[in-house]
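Colleague: I would be grateful for a close look at a single part of this structure. Please keep the account connected, moving from one residue or element to the next.

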Amino acid sequence: MLPLLDTQVRLVLLNHVAVRLAEANPDELHAAGIENEQLARLRQLSALDLNRLATMRDLNIGVSFDAAGLTAGLRTVSLVNEAKALEAYFIRHGASWQMMSALFKIRRKVTLRRRRDCGAWRPSGRISLPDMSMRERIYRTWHAIEEPNPRVRYYRLHQVFPNHSLAVLEAVVRGFEDEQ
């Protein structure tokens, strides 16, 4: 158990426990180490008394974590951060709003606003494609990337061809795939 030493944190926790007393299952409270007599006395404490109790160092208040739940939560946070970073990368490197919609489920207006917010400029109108030999190189590279996730696949493709926007790379790939 990780001991909590900050008086304000302890007070918040004691207030939380006092509020939960009215709705908590007695078994749950007993499992937390609170006895019936203590429950009755805690219910009677005023806010000032709770503050006094929070400042007492001989009262050990701590936090414990469910290891599996913490691991799952940390993994989820990591995945969300990776997705947000990839989303920002795509915006900065000229992904079309259609691509953002397909890969990240982001609406057109949101894409345009985020592009404007980060200063990513993208010319309006039809994009110009590279010459045919470069398009073939791009598609061969796309085809060679063995990644089922299209976000990661386009990211890796752009790492190989950083001088082309993601919109250009997408147009090249779609052009070849439409022909087949």
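Modeller: R151 counts as partly exposed in this predicted model, because its relative accessibility of 23% falls between the limits of 20% for buried and 50% for exposed. The residue belongs to helix α9. Its side chain comes to 2.7 Å from the backbone oxygen of L103. Setting aside neighbours within four places in sequence, R151 is in contact with A83, L86, F90, L103 and F104. As for its position relative to D178, the two residues are 27 apart in sequence, and their C-alpha atoms are 19 Å apart in space.

R151 also takes part in the packing of two helices. Two packed helices are described by the angle between their axes and the distance between the axes. For α6 and α9, the latter spanning residues 150-160, the angle is about 135° and the axes are 10 Å apart. An angle of about 135° makes α6 oblique to α9, because over 145 degrees would be needed for roughly antiparallel. On the α6 side the contact is made by M99, L103 and F104, and on the α9 side by P150, R151 and Y154. By character, these residues divide into 5 nonpolar, no polar and 1 charged. The charged one is R151.

The loop that precedes α6 deserves attention next. S96 is placed there, between α5 (67-92) and α6 (97-104). S96 is buried, because its relative accessible area of 6% is under the 20% limit. A polar atom of the S96 side chain lies 3.0 Å from the backbone nitrogen of M99, and M99 is one of the α6 residues in the contact with α9. Not counting residues up to four places away in sequence, S96 touches R115, R122, A167 and E170.

A167 and E170 lead to helix α10, which runs over residues 166-179. Both are buried, as are L166, V168, L169, V172, V173 and F176 of that helix. Cover for the buried residues of α10 comes from elements including α5, α6, α8 (132-144) and α9. With 14 residues, α10 reaches 20 Å from its first C-alpha to its last, close to the 20 Å expected at 1.5 Å a residue.

Helix α5 contributes E87 to this picture. E87 is buried, because a relative accessible area of 10% is under 20%. Beyond residues up to four places away in sequence, E87 touches M100, F104, I106 and R114. F104 is also a contact of R151.

After α6 the chain enters the loop between α6 and α7, where K105 lies. K105 counts as exposed, because its relative accessibility of 67% is over 50%. Most residues other than glycine have a negative phi. K105, although not a glycine, has a positive phi of about 60°.

Helix α7, residues 108-117, holds V110. V110 is buried, because its relative accessible area is 11%, under the 20% limit. Between V110 and G62, 48 residues apart along the chain, the C-alpha separation is 43 Å.

Definitions and conventions
Residues are numbered from 1 along each chain as its sequence is written. This is a predicted model: local features need pLDDT of at least 70, side-chain atom pairs count only at pLDDT 80 or more; totals for chains, interfaces and linings use all residues. Side-chain values use heavy atoms; hydrogens and water are left out. Helices (H or I, at least four residues) and strands (E, at least two) are DSSP runs, numbered from the N terminus. Buried means under 20% relative accessible area, exposed over 50%, partly exposed in between (1.4 Å probe, protein chains only). A polar contact is a pair of N or O atoms within 3.5 Å; within protein, one must be able to donate a hydrogen and the other to accept it, and residues adjacent in sequence count only if both atoms are side-chain atoms. Contact means heavy atoms within 4.5 Å. Axes are lines fitted to C-alpha atoms, for helices over the stretch in contact, and angles run from 0 to 180 degrees between N-to-C directions. Angles under 35 degrees count as roughly parallel, over 145 as roughly antiparallel, 65 to 115 as roughly perpendicular and the rest as oblique. The expected span of a helix is 1.5 Å times one less than its number of residues.
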